[in-house]
Each structure stands twice: as C-alpha cells, then as structure tokens.
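Reader: Hello! I would like a close look at one part of this protein, the surroundings of the ligand and the helix beside them. Could you walk me through that part and tie it to the rest of the fold?

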Amino acid sequence: MYEQRYRFFFEAAHELGGNVAGDDHPYARVHGHSFEVLLILRGEEVGPKGWLTDFALVRAEADDLRRTLDHAFLNHIEGLEVPTLENLSHYIFERSRKALDKLAAVEVARPSLGESARYEP
Ligand SMILES: Nc1nc2c(c(=O)[nH]1)N=C([C@H](O)[C@H](O)COP(=O)(O)OP(=O)(O)OP(=O)(O)O)CN2
Ligand SMILES: [Zn+2]
C-alpha cells in the first residue's frame with residue numbers, strides 16, 4: 001500500500017450557533033480560524049510512472065477548494081451550513097473524490113489550537 005499526502009491552508013470565518021452551541025454561546029459569534037487541510041491518497045500500485053497521482057493534479061484540486069473556502073464565510077457555502085471540522089472534512093472529501101480517484105481520507109485542523117478531525121469512509 002502506498003500513501004501520498006498534500007497539505008494546504010485557508011483562512012475563513014464561521015459561527016456555530018443554533019443547534020450546535022446555542023445562540024448565547026461564544027461560538028455563535030462570527031469569528032475566524034486558520035485551517036490546515038490534509039488530502040490523503042492511497043493505492044496498492046504506483047504503475048510505470050512510479051506515483052499514485054501526479055501532485056500537479058492534487059495541487060490543482062486544492063487550488064479549486066481554496067477558491068471556495070479561503071476568506072469565505074463558511075456557513076454560507078451550500079453543504080457547509082454547520083461548519084465544524086468534522087463537516088469540513090466530509091465536505092472536502094465528497095467534493096474532491098471525483099477529481100482525485102485515489103482520495104482515501106481528508107483531515108482538517110486548526111494547528112494553533114491542536115484541534116483536528118478526519119473523514120475516511
Ligand atoms: N468536535 C468539534 N468541536 C468543536 C469544533 C469542531 O469543529 N469540532 N469547533 C468549535 C469552534 O469552531 C470554536 O470556535 C473553537 O473554539 P476553541 O477551541 O475554543 O478555539 P478559539 O479560537 O475559540 O479559542 P479561544 O481560546 O476560546 O479564543 C468548538 N468545538
Ligand atoms: Zn470556530
């Protein structure tokens with residue numbers, strides 16, 4: 001089994017009110033985080049090219065994700081109405097699985113807080 005990883009970063013705002021934390025909770029105020037995303041690809045064989053997926057293709061997909069996520073208000077993105085780390089990792093996985101057929105898992109972290117979540121079907 002081979003595994004390759006690609007890491008990228010984005011900055012975004014969100015709020016976790018309503019059913020998540022309650023409207024009076026500090027999480028319910030709009031605030032921002034620096035997010036780190038790890039795209040994890042896996043496969044049994046690397047084939048004659050010697051790689052799972054050309055990193056150029058992975059980087060292009062990450063750039064496309066950044067165009068949506070960077071400096072965005074995450075709650076306003078369709079499918080990310082509850083923008084926890086867990087839901088972000090699931091959203092990114094579902095969105096990128098067609099472009100990256102070897103995508104095996106997505107991890108989203110807030111490194112400065114030591115927090116991360118992973119989605120792996
Ligand atoms: N399992 C999860 N728990 C929490 C998530 C999450 O995505 N998954 N998210 C949050 C909020 O985003 C919250 O803003 C994070 O708060 P906190 O860890 O306290 O970080 P802060 O930047 O707000 O730190 P302060 O020290 O309070 O300024 C909460 N839980
Ligand atoms: Zn937050």
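Author: Happy to help; what follows goes from the overall fold to the ligand shell, then to the helix, the core and the annotated histidines.

Please keep in mind that this is a predicted model. The protein has 3 helices and 5 strands, and along the sequence they come in the order β-α-β-α-β-α-β-β. Its C-alpha trace extends over about 55 × 25 × 25 Å along the principal axes. Of the 121 residues, 24% are buried. Among contacts with a separation of 6 or more, 61% join residues 24 or more positions apart.

Now to the ligand. Around ligand 1 we find Leu16, Tyr27, His31, Thr84, Leu85, Glu86, Leu113, Glu115 and Ala117. Sorted by class, this shell holds 5 nonpolar, 2 polar and 2 charged residues. Two elements, helix H3 (85-96) and strand S5 (115-119), each give at least two residues to the shell.

Helix H3 deserves a careful look. With 12 residues at 1.5 Å a residue, H3 should span 16 Å, and the distance between its end C-alpha atoms is 16 Å, so the two agree. Its buried residues are Leu88, Ser89, His90, Tyr91, Ile92 and Phe93. These buried residues pack against S2, H2, S4 and S5. Thus S5 appears twice in this picture: it supplies residues to the shell around ligand 1, and the buried residues of H3 pack against it.

From H3 we can step into the nonpolar core. In soluble globular proteins, nonpolar side chains tend to be buried together. Here the largest nonpolar core has 22 residues, and those touching the most other members are Val37, Leu39, Ile92, Val106 and Val108. Strand S1 (2-14), strand S2 (31-43), helix H2 (55-69), H3 and strand S4 (103-110) each contribute at least two residues to this core. For Ile92, setting aside neighbours within four places in sequence, the contacts are Val37, Leu65, Val106 and Val108. H3 therefore has a part in both settings, since it supplies at least two residues to the ligand shell and at least two to the core.

Back at the ligand, His31 brings in a record. The unreviewed UniProt entry carries a "binding site" annotation that covers His14, His31 and His33. These three span 20 residues in sequence, yet no two of their C-alpha atoms are more than 8.2 Å apart, so they gather at one spot. His31 is also one of the residues surrounding ligand 1.

The other two annotated histidines can be set side by side. His14 belongs to strand S1, while His33 sits in strand S2. His14 counts as buried because it has 21 C-beta neighbours inside 10 Å; His33 has 19 other C-beta atoms within 10 Å and is partly exposed. Not counting residues up to four places away in sequence, His14 touches Phe73, Leu74, Asn75 and Pro83. On the same basis, His33 touches Ala12 and Arg110.

Finally, let us follow S2 to another of its residues, Ile40. Ile40 is partly exposed, with 18 other C-beta atoms within 10 Å. Leaving aside neighbours within four places in sequence, Ile40 is in contact with Glu3, Arg5, Ala104, Ala105, Val106 and Glu107. One of these, Val106, is also a contact of Ile92 in H3. The C-alpha atoms of Ile40 and Gly114 are 19 Å apart, with their positions 74 residues apart along the chain.

Definitions and conventions. Residues are numbered from 1 along each chain as its sequence is written. Chains are lettered from A and ligands numbered from 1 in the order in which they are written. This is a predicted model: local features need pLDDT of at least 70, side-chain atom pairs count only at pLDDT 80 or more; totals for chains, interfaces and linings use all residues. Helices (H or I, at least four residues) and strands (E, at least two) are DSSP runs, numbered from the N terminus. A residue is buried if 20 or more other C-beta atoms lie within 10 Å of its own, exposed if 12 or fewer, and partly exposed in between; C-beta atoms are placed from the backbone. Two residues are in contact if their C-beta atoms, placed from the backbone, lie within 7 Å. A residue is near a molecule or strand if its C-beta atom, placed from the backbone, lies within 6 Å of it. Ala, Val, Leu, Ile, Met, Phe, Trp, Tyr, Cys and Pro count as nonpolar, Asp, Glu, Lys and Arg as charged, and the others, Gly among them, as polar. A nonpolar core is a set of buried Ala, Val, Leu, Ile, Met, Phe, Trp, Tyr and Cys residues joined through C-beta atoms within 7 Å. The expected span of a helix is 1.5 Å times one less than its number of residues. UniProt positions are given in the numbering used here, feature names are shortened, and annotations may be inferred rather than shown by experiment.
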